[in-house]
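User: I would like a close look at a single part of this protein, together with its surroundings. Please describe that part in detail and then place it in the fold as a whole.

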Amino acid sequence: MNDQQDTLAPVKILQPTVTIELGDEPRYGKTATDPNAICIGDVYAPSVTYEMVKNDPEVRAFIENADNNLGVLGFTEHGFRHVSLVASIARNVLRLLGYDERLQELAAIAGYLHDIGNIVSRHAHAQSSAILAHSILSRLGMDPNDVAIVMGAIGSHGDDNARLGEPVHAVSAAIILADKSDVHRSRVRVQDPSAFDQHDRVNYAATSSFLRVDGAAKSITLELTIDTSIAPVIEYFEIFLPRMLMCRHAAILLGCAFHITINDVAVL
Ligand SMILES: [Fe+2]
Ligand SMILES: [Fe+2]
């Protein structure tokens, strides 16, 4: 029990009804294992809070260095802006779908830590992020069940290693949706448009992106505004199709349909 835990209000578990669509992919739904059955033991407040993680010097150093490394490699912004946004969107996804405060807090923590593995290597960074998160969260005194949930969420967000990450529970589904929906011109580091690669161009063309979660309708919609004079819509799909598939799988695990609108036109 720590000081932060003392101040948290009692939490109430609201278990949404999850309907898994059976199909060729994903493989979950083939067995009776419930992705919501991750609250092992009694219901309790999160053992480590988002604020504790955010204020940890090691975490801050790792995020800064991860972003620097990716800048050297020519990737878009993956720093405090990106991870804070992912934390906030992931928390909101679970809040709007009625998940309890503990899982919301774990989603925010996983969102903040999900890219720290880029200090090791871009390749397999989802896995290295998860392993690094283990040592940080254990040091902060997080309950092992909570550590396990955060590690699973971080580890499932990657789309490198020639295969897509697969959501294993609600927190991991929320991280996938939050991470993959961060497409925005503010992420582009290159100043000269003539030096843009396709990722820069598509991100720069995205003047707005919003993940709309409708808990009552069980629907999650990525609403994008794209300046088609900078990048045609087809370029968006060329780059982001695998990520959109991950989002669709994540939405299904959360019992929702996934939609995309581009410039107010429904495309999925
Ligand atoms: Fe990542
Ligand atoms: Fe990310």
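The request below concerns one helix, and a connected answer follows it.

User: Please examine helix H4, residues 80–96. Which of its residues are buried, and which elements do these buried residues pack against?

Analyst: The description rests on a predicted model. Helix H4 comprises 17 residues, from 80 to 96. From its first C-alpha to its last, H4 reaches 24 Å, close to the 24 Å expected at 1.5 Å a residue. Just after the helix, Gly98 takes a positive phi of about 85°.

The buried residues of H4 are His82, Val83, Val86, Ala87, Ile89, Ala90, Arg91, Val93 and Leu94. In an α-helix there are 3.6 residues a turn, so residues three or four places apart point the same way. The buried residues of H4 pack against four helices and a strand: H2 (50–54), H3 (57–72), H5 (101–113), H8 (170–180) and S1 (206–214).

Two of these buried residues lead to helix H8. Val86 and Ala90 are both touched by Ile175, a residue in the contact that H8 makes with helix H7. Leaving aside residues up to four places away in sequence, Ile175 also touches Ala107, Ala110, Gly111, His114, Ala153, Ile154 and His157. Ala90 and Ile175 are among the residues with the most contacts inside the largest nonpolar core, a group that also includes Ala107, Ala110, Val150 and Ala174. That core has 72 residues.

The packing of H7 (residues 144–155) on H8 adds to this picture. Their axes lie 8 Å apart at an angle of about 35°, and H7 passes H8 in a right-handed crossing. Ile149, Gly152, Ala153 and Ile154 of H7 make the contact with Val171, Ser172 and Ile175 of H8.

Strand S1, the strand against which buried residues of H4 pack, belongs to an open sheet of 4 strands in the order S1-S2-S3-S4, with mixed pairing. S1 and strand S4 (265–266) stand at the edges with a single partner strand each, so one side of each has no neighbour in the sheet. S1 pairs with S2 in the antiparallel sense over 8 bridges; Ser208, for instance, stands opposite Thr225 in S2, and Asp214 has Ser219 of S2 as its bridge partner. The two strands form a hairpin with 4 residues between them, and Lys218 in the turn has a positive phi of about 55°.

Further into the sheet, S2 (residues 219–226) and S3 (residues 257–262) run parallel and are joined by 6 bridges. Ser219 has Ala257 in S3 as its bridge partner. Helix H10 (residues 233–253) packs on the sheet and touches S2 and S3, its direction making about 160° with that of S3.

As for the whole, the protein has 10 helices and 4 strands, and from the N terminus on its elements run α-α-α-α-α-α-α-α-α-β-β-α-β-β. Of its 268 residues, 42% are buried. Among contacts with a separation of 6 or more, 66% join residues 24 or more positions apart.

Conventions: Residues numbered from 1 in each chain as written. Chains lettered and ligands numbered in written order. Predicted model: local features only at pLDDT ≥ 70, side-chain atom pairs only at ≥ 80, totals over all residues. Expected span 1.5 Å × (residues − 1). Buried ≥ 20, exposed ≤ 12 C-beta atoms within 10 Å, placed from the backbone. Contact = placed C-beta atoms within 7 Å. Pairing = 2+ DSSP bridges. Axes fitted to C-alpha atoms, helices over the stretch in contact; angles between N-to-C directions. Core = buried A, V, L, I, M, F, W, Y, C linked by C-beta atoms within 7 Å. Left-handed = near helix turned anticlockwise from the far one by under 90°.
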